[in-house]
Amino acid sequence: MASTRKPTFKPRAAAGGGKTGTPGQASRSSVPGGGSPEEGVISAERSVEPERKAPPKAKAKAVRSFPRPGAKQPAKAAVPPAGNVIAFPEPKARRQRRLVVWTAAVVTALVALLITGAVYSPVLAVRTVTVDGTKLLTPDAVQEALGDLEGKPLPQVTEEEINTLLKPLVQVRSATMEARPPSELLVHVHERVPVALLKQGGSFVLVDVDGVQLGVTQDQASVALPLIDDGAAATNTELFKAIAAVLHTLPADVLARMSTASAASPDAVELKLVDGKTVVWGNADDRETKAKALEALLKMPQDPKVPVSIYDVSVPRHPFTK
C-alpha cells in the first residue's frame with residue numbers, strides 16, 4: 001500500500017559554502033543578472049518509513065445473527081416463475097384408483113345411512129302378522145302369542161325372538177319368518193307331528209316322537225293314529241321310545257292304516273293294521289329301509305287264494321309275507 005505522507009523538500013547546501021534557503025522555498029543561484037549555476041537546482045527528498053505489520057487476524061468464528069425487530073430482511077433468492085415449471089400429468093391408473101376409493105367410501109356411507117334409517121324407522125313397524133303351517137293350532141293362537149311384535153320395526157325382528165315367544169305353544173317345534181315391507185310379518189310355523197294316541201282315562205292324548213302331548217280327543221276313530229297300549233304314563237320308557245321311533249319313520253299313508261303298536265322289548269316292535277293284519281318290525285335299526293319295504297309289501301296285489309296275515313320286515317333286505 002502506497003504511503004500517504006507528503007514529500008519533504010530539503011534544499012541542498014550551496015556550493016562554496018552558500019547559505020541554506022529557508023524550508024519551503026527554492027534557492028535560486030542563477031537568475032537574470034547573476035548567481036552561480038548550482039544555486040538554481042531544486043532537490044526533493046522523500047523519507048520512507050518502514051511499513052507497519054498488520055496485527056494477525058483472529059480466526060473467524062461462526063456467529064449466528066438474528067434479525068432485529070423491524071429490520072429489513074435480506075432479499076431471498078428469486079424463485080423462478082410458475083410458467084417455467086414443467087407439470088407432468090397424473091398417471092391414469094392412480095387417478096382411477098383414487099376415483100374408485102372415493103366412490104366406494106360414498107356408497108358405503110349412503111348404505112350405512114339407509115340401513116340405520118330402516119332399522120329404526122317407524123314406517124317399517126309391524127302392523128300385520130300372517131301365519132301359515134298350522135294344523136294342530138289355529139292362526140289366531142299364534143298371532144296372539146306374537147302380539148309383542150306389533151309396532152316393532154321389521155328389521156329388528158329375529159327368528160330367535162319369534163321362537164322364544166312361541167315356546168309356550170308346545171305344538172310348535174320351530175318357526176321361521178319372512179318380512180314383507182312395509183309392515184307385514186309372515187311366520188311359517190313348523191308343528192310337531194303326532195305319531196300315536198295314548199289312553200288317559202276316558203280320552204286319548206296325541207303324542208309326538210318325543211312324547212310331547214299335543215292335544216286331546218274323545219273319539220279315537222276321529223284321529224288316524226295307532227294306539228299305544230301302555231298309556232300316557234309310558235312316554236319316558238324305553239319301549240315307548242322304540243315304538244315312537246318306528247311310527248315316526250312310517251309314511252303318512254302307511255301310518256294312517258295302523259291300529260295299535262306294542263313291543264315286548266325294544267327289539268321286538270309289533271304293529272297291527274286296521275284290517276287285523278300284523279307287521280313284525282323287530283328292533284328300531286334300519287328304520288328307513290324297513291319302512292320302504294313295508295310300503296312296498298302293502299302295495300302288492302293280494303291273491304284271494306293266498307291270504308296274507310303277516311308282513312315281516314325284521315330283515316329289511318329280505319322281507320316276506322305269510
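Biologist: How many helices and strands does the protein chain have?

Modeller: The protein chain has 6 helices and 12 strands. Please keep in mind that this is a predicted model.

Biologist: Then how much confidence does the predictor place in the protein chain?

Modeller: The average pLDDT is 79, and 69% of the residues score at least 70. Residues 13-40 are a stretch to read with that in mind: pLDDT stays under 50 there, and the model has 22 contacts beyond four places in sequence for them.

Biologist: What makes strand 4 and strand 5 a pair?

Modeller: Two strands pair if at least two bridges are found between them. Strand 4 (residues 196-200) and strand 5 have 5 bridges, in the antiparallel sense, so the cut-off of at least two is met. Within this pair, Ala196 stands opposite Val207 in strand 5.

Biologist: And what lies between strand 4 and strand 5?

Modeller: There are 2 residues between them, and the two strands form a hairpin. Gly201, in the turn, has a positive phi of about 65°.

Biologist: How do you know that strand 4 also pairs with strand 7?

Modeller: Here the count is 2 bridges, joining strand 4 to strand 7 (residues 227-228), and the two run parallel. The definition asks for at least two, so this counts as a pair. Leu197 has Leu227 as its bridge partner in strand 7.

Biologist: What about strand 5 and strand 6?

Modeller: Strand 5 (residues 203-207) pairs with strand 6 in the antiparallel sense over 4 bridges. Val205 has Val216 of strand 6 as its bridge partner.

Biologist: In which order do the strands of the open sheet come?

Modeller: The order is 6-5-4-7-8-9-10-11-12, which makes 9 strands with mixed pairing.

Biologist: Why is one side of strand 6 and of strand 12 left without a neighbour in the sheet?

Modeller: Strand 6 (213-217) and strand 12 (320-321) stand at the edges and each has a single partner strand, so one side of each lacks a neighbour in the sheet.

Biologist: Which strands does helix 6 lie across?

Modeller: Helix 6 (residues 287-299) lies across strand 8 (258-263), strand 9 (269-273), strand 10 (278-282), strand 11 (310-312) and strand 12. Helix 6 runs at about 160° to strand 10.

Biologist: What makes a residue count as buried, and what percentage of the chain does?

Modeller: A residue is called buried because its relative accessible area is under 20%. Of the 322 residues, 27% count as buried. The accessible surface of the protein chain comes to about 22800 Å², and 58% of it belongs to carbon and sulfur atoms.

Note on methods. Residues numbered from 1 in each chain as written. Predicted model: local features only at pLDDT ≥ 70, side-chain atom pairs only at ≥ 80, totals over all residues. Heavy atoms only, no water. Contact = heavy atoms within 4.5 Å. Axes fitted to C-alpha atoms, helices over the stretch in contact; angles between N-to-C directions. Buried < 20%, exposed > 50% of the residue type's maximum accessible area, 1.4 Å probe, protein only. Areas by Shrake-Rupley, 256 points an atom, 1.4 Å probe, with all protein chains shown as cover. pLDDT = per-residue confidence, 0-100.
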